[in-house]
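Student: Please take one part of this model and go through it closely. Keep the sentences short, as I am new to it.

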Amino acid sequence: MQSPNSILITGASSGIGEALALAYAVPGRQLWLTGRDSARLAAVADAARAKGARVTAAALDVLDRQALGDWIRAADDGVPIDLAIANAGISGGTGGGDGLSGETEEQARRILAVNIEGVLNTIHPLIPRMVARKRGQLALMSSLAAFRGMPGAPAYCASKAAVRSYGEGLRGELMGQGVQVTVICPGFVRSRMTAVNTFPMPFLMDADRAARIVVQGLAANRARIAFPWPTYAVSWLLGVLPPSWTDALLAQAPRKA
Ligand SMILES: NC(=O)c1ccc[n+]([C@@H]2O[C@H](COP(=O)([O-])OP(=O)(O)OC[C@H]3O[C@@H](n4cnc5c(N)ncnc54)[C@H](OP(=O)(O)O)[C@@H]3O)[C@@H](O)[C@H]2O)c1
């Protein structure tokens, strides 16, 4: 599809979402940005405006289905959204649990809710509108963690596996209706989410670089944008090997404190 003119990004107040907002900020383009932290979101909006974009920002929780849906529909009434990136997400480290034992039950429930329902709440207000227009693009933020449940982050991996499958299925479902769907599976990217990790993160990359890869992949309407390739190869292999071969290895893998 031609370069998107109106773009919605959730989780734009930080990390990959912030980098995407700035990567897409060019004169004349309309950006709709959300996150929860108003101050950080305002700073990103100002930086995008400084690059010439028109920006409307609203602090919203992706779990507030009604408020988020109303805001998205109003935005779409204003300047029809060409591309929506459902990026907001949390992990055991940013999920606000007790921070002592990885994913507690409460953290696990919250991670599954934010990472899955948050995506649904973002894309579903737009699907009927994009189908009616026979154009539009949806990008769902998954992760390379989607390919194999990892000790230390079972809920996070499960949430990203759900998003990946959902996006892959939706792509086929909407293909004939003019709406493109892409699943994004990054490896380790520098952000508030990974800042809490004390273990070595292979091929850790800056959010700006990740954003450039995502922008290129979306422009090419790729089904899956998975990077960097060495981490992708290992994640993919861990997913296809019999669990009995990999359980012992993964039990030794480092995890969030
Ligand atoms: N960093 C990585 O290595 C990596 C790898 C693969 C996938 N991902 C995925 O990439 C996405 C962005 O993560 P990041 O690394 O950029 O982390 P981040 O810096 O912590 O950013 C997360 C963003 O999501 C927003 N968010 C979280 N919970 C929300 C909620 N309930 N309602 C609305 N917004 C909410 C945050 O908003 P506030 O800060 O304003 O609350 C923030 O803007 C996530 O889906 C993550 O799972 C990250």
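**A close look at the ligand site and its helices**

Tutor: Start with a pair of helices: helix 1 and helix 8 are oblique to each other. That label covers angles that are not under 35 degrees (roughly parallel), over 145 (roughly antiparallel) or 65 to 115 (roughly perpendicular). The axes of helix 1 and helix 8 (residues 207–219) cross at roughly 60° and come within 8 Å. Axes are lines fitted to C-alpha atoms, for helices over the stretch in contact, and angles run from 0 to 180 degrees between N-to-C directions. Helices (H or I, at least four residues) and strands (E, at least two) are DSSP runs, numbered from the N terminus. The crossing of helix 1 and helix 8 is right-handed: the near helix is turned clockwise from the far one by less than a right angle, where anticlockwise would be left-handed.

This is a predicted model, in which local features need pLDDT of at least 70, side-chain atom pairs count only at pLDDT 80 or more, and totals for chains, interfaces and linings use all residues. Residues are numbered from 1 along each chain as its sequence is written, and side-chain values use heavy atoms, with hydrogens and water left out.

Now the ligand. It is surrounded by 32 residues, each with a heavy atom within 4 Å of it. The closest are S13, S14, D37, Y156 and S191. By type, the shell holds 13 nonpolar, twelve polar and seven charged residues. Here Ala, Val, Leu, Ile, Met, Phe, Trp, Tyr, Cys and Pro count as nonpolar, Asp, Glu, Lys and Arg as charged, and the others, Gly among them, as polar.

Look next at individual atoms. A polar side-chain atom of S13 is 2.6 Å from a ligand oxygen. A polar backbone atom of I16 lies 2.8 Å from an oxygen atom of the ligand. For V189, a polar backbone atom is 2.7 Å from a ligand oxygen. Alone, the ligand exposes 880 Å², and the protein buries 96% of that. Those areas come from the Shrake-Rupley method with a 1.4 Å probe.

Which elements give two or more residues to the shell? They are helix 1 (15–24), helix 4 (105–123), helix 6 (154–175) and helix 7 (192–195). Helix 7 gives the largest share, three residues.

Finish with helix 4 and helix 6. They pack at an angle of about 20°, with axes 8 Å apart. Helix 4 and helix 6 are therefore roughly parallel to each other. Their crossing is right-handed.

Conventions. Polar contact = N/O pair within 3.5 Å; in protein donor to acceptor, adjacent residues only side chain to side chain.
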